[in-house]
Amino acid sequence: MGKNSLIHLDLLQLIYAYALILLSVSLARFKQIGQERQMLWASLRMVVQLLAVGYLLQLVFTVRSPLLVILILLSMTGFSLQVIGSRIRQHMPHFYRIMGSSIIIGCGGVTFYFCLLVVGYSPWYDPRYLIPLAGMIIGNSMNGASLAAERLTAEMRERHDELETALCLGATARQAAEPALRTAYRAALIPTMNTMAATGIVALPGMMTGQILSGTEPLLAVRYQIAIMCAITAAVAITAFLILLQGYRSYFTPADQLRQQAPLP
């Protein structure tokens, strides 16, 4: 095998890999945790979904229409909204409008900046580059967006009396909500900061590992990983900032009065 040759995985090698899942299921059954069926079902879903995506990407990469590529990106954004909405128990007012616009501006803006100025391929809508990069940025930003929305909702409820007092003392809505906004923004950035701090020492990112296994020079793979980590960090920071910027206003009237919140279920 040459130094930079690609290692092709055949069916037998994939079966060997799947045996590790079966080992995990066996351990779960041995410990009687009662989740063997769910683990097996989740692993089968993973295999089917990834195979389907593989065939779909082969088709998508032949698309030469910028409109179709943008529609695919909007569909990905819609799915991410559905996932985030299902994860959060309590939604802030105008949840989907705020989350959708924040993801489109934050993740979309960073994706196009990264593709046009950092990677610099042509044409700008080439789905072979744009769709995987957008998927990586949107997927990694979902956790930050979820945490920002969930934490802001919780803070606005827990600090209700504090907010009322601040408004009565003459504070503006922004001044009254500032402690809640700081807490929510800090929570949204924690996973990204932890990932950056651990990358290269505790964990090797999947994208870099995949490139190295496929024969790419390690230093080139590292450059790509650094670039994509910078893009993900910016996307998380901008998306969470926009969610909080729009989100806190939804709790106040135009006259800076606190809106009546729905009781907890």
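**Helix α3 and its surroundings**

The face of helix α3 that is turned away from its buried side carries the exposed residues Leu67, Phe79 and Ser86. The model in which this arrangement is seen is a predicted one, with a mean pLDDT of 87 for the chain and with 95% of the residues reaching 70 or more. Confidence is highest in helix α4 (residues 95-119), at a mean of 93, and lowest in helix α8 (residues 206-213), at a mean of 75.

Helix α3 comprises 22 residues, from 66 to 87, and the distance from its first C-alpha to its last is 32 Å, close to the 32 Å expected at 1.5 Å a residue. The buried residues of α3 are Val69, Leu73, Thr77, Ser80, Leu81, Ile84 and Gly85. These residues lie on the same side of α3, because the arc that they cover around the axis is only 155 degrees. An α-helix has 3.6 residues a turn, so residues three or four places apart point the same way. The cover over the buried residues of α3 includes α4 and α5 (127-158).

Backbone features were also identified outside the helices. In the loop between α3 and α4 lies His94, which has a positive phi of about 55 degrees although it is not a glycine. The loop between α4 and α5 contains Pro123, and the peptide bond leading to Pro123 from Ser122 is cis, with omega near 0 degrees. In the segment after α9 (218-249) is Asp256, a residue other than glycine whose phi is likewise positive, near 60 degrees. Asp256 counts as partly exposed, because its relative accessibility is 24%.

Notes:
Residues numbered from 1 in each chain as written. Predicted model: local features only at pLDDT ≥ 70, side-chain atom pairs only at ≥ 80, totals over all residues. Heavy atoms only, no water. pLDDT = per-residue confidence, 0-100. Helix = DSSP H or I, 4+ residues; strand = E, 2+ residues; numbered from the N terminus. Expected span 1.5 Å × (residues − 1). Buried < 20%, exposed > 50% of the residue type's maximum accessible area, 1.4 Å probe, protein only. Arc of directions from axis to C-beta. Contact = heavy atoms within 4.5 Å.
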